[in-house]
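Me: I'm new to reading protein structures. Could you walk me through one?

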Amino acid sequence: MKGIQMRDKIFRPKILHRKRINKILSQIFEVPIFFISASMGYGKTISVKNFLEKKNRIQMIWFDIPDEDSDDEWMWHKLCESIKSANFNLGKTLTAYGFPKTNMDVYKVIGTICD
């Protein structure tokens with residue numbers, strides 16, 4: 001009996017589905033690349049996964065940035081490796097470009113992703 005009482009007291013978080021968040025997430029399809037940033041614990045990953053799982057023909061690439069300091073080159077390499085799992089040639093091309101250092105580099109990367 002004591003075990004059942006303890007189990008009933010365990011915290012069981014609920015997933016909240018918010019129309020406002022889904023409306024914002026629907027903008028994902030209006031741009032070639034979409035970034036979401038917020039502190040840990042705000043439900044970003046779960047919200048996005050739930051939203052995208054309801055869509056058909058969506059190819060997702062998950063790229064987590066750790067809390068500890070990471071240099072730009074390391075993060076770029078990790079992003080490119082993640083992209084390779086879905087589109088090897090695109091990931092290879094972006095790896096060859098290297099981390100974009102100027103606005104022109106950024107436009108070149110975005111153009112490559114759009115193509």
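**Reading a helix and a pocket**

Reply: Sure, and keep in mind that this is a predicted model. Let's start with α3: its buried residues pack against α2 (19–25).

Me: Which residues of α3 are buried?

Reply: Look for Val48, Phe51 and Leu52, which are the buried ones in α3. They span an arc of only 90° around the axis, so they end up on the same side of α3.

Me: What about serine 82, is that buried or exposed?

Reply: The general idea is a cut-off: buried means under 20% relative accessible area. Serine 82 has 15% relative accessibility, so it counts as buried. You'll find serine 82 in helix α4.

Me: Which residues does serine 82 touch?

Reply: Leaving aside residues up to four places away in sequence, serine 82 touches Ile61, Trp62 and Phe63.

Me: Okay, now pockets. How much space lies in the largest pocket?

Reply: About 1700 Å³. There are 42 residues lining the largest pocket, and the closest to its centre are Ile33, Phe34, Phe35, Ile61 and Phe63.

Me: Which elements give two or more residues to that lining?

Reply: Those are α3 (44–53), α4 (72–86), α5 (88–97) and α6 (103–114). The largest share comes from α4, with 6 residues.

Me: And how many of the lining residues are nonpolar, polar or charged?

Reply: The lining of the largest pocket has 32 nonpolar residues, plus 5 polar and 5 charged ones.

Terms used: Residues numbered from 1 in each chain as written. Predicted model: local features only at pLDDT ≥ 70, side-chain atom pairs only at ≥ 80, totals over all residues. Heavy atoms only, no water. 1 Å grid on protein atoms, 1.4 Å probe; cavity = no way out; pocket = protein on both sides within 12 Å on 5 of 7 lines; lining within 4 Å. Points joined across faces, edges and corners; volume = space filled by probe spheres on them. Helix = DSSP H or I, 4+ residues; strand = E, 2+ residues; numbered from the N terminus. Nonpolar A, V, L, I, M, F, W, Y, C, P; charged D, E, K, R; others polar. Buried < 20%, exposed > 50% of the residue type's maximum accessible area, 1.4 Å probe, protein only. Arc of directions from axis to C-beta. Contact = heavy atoms within 4.5 Å.
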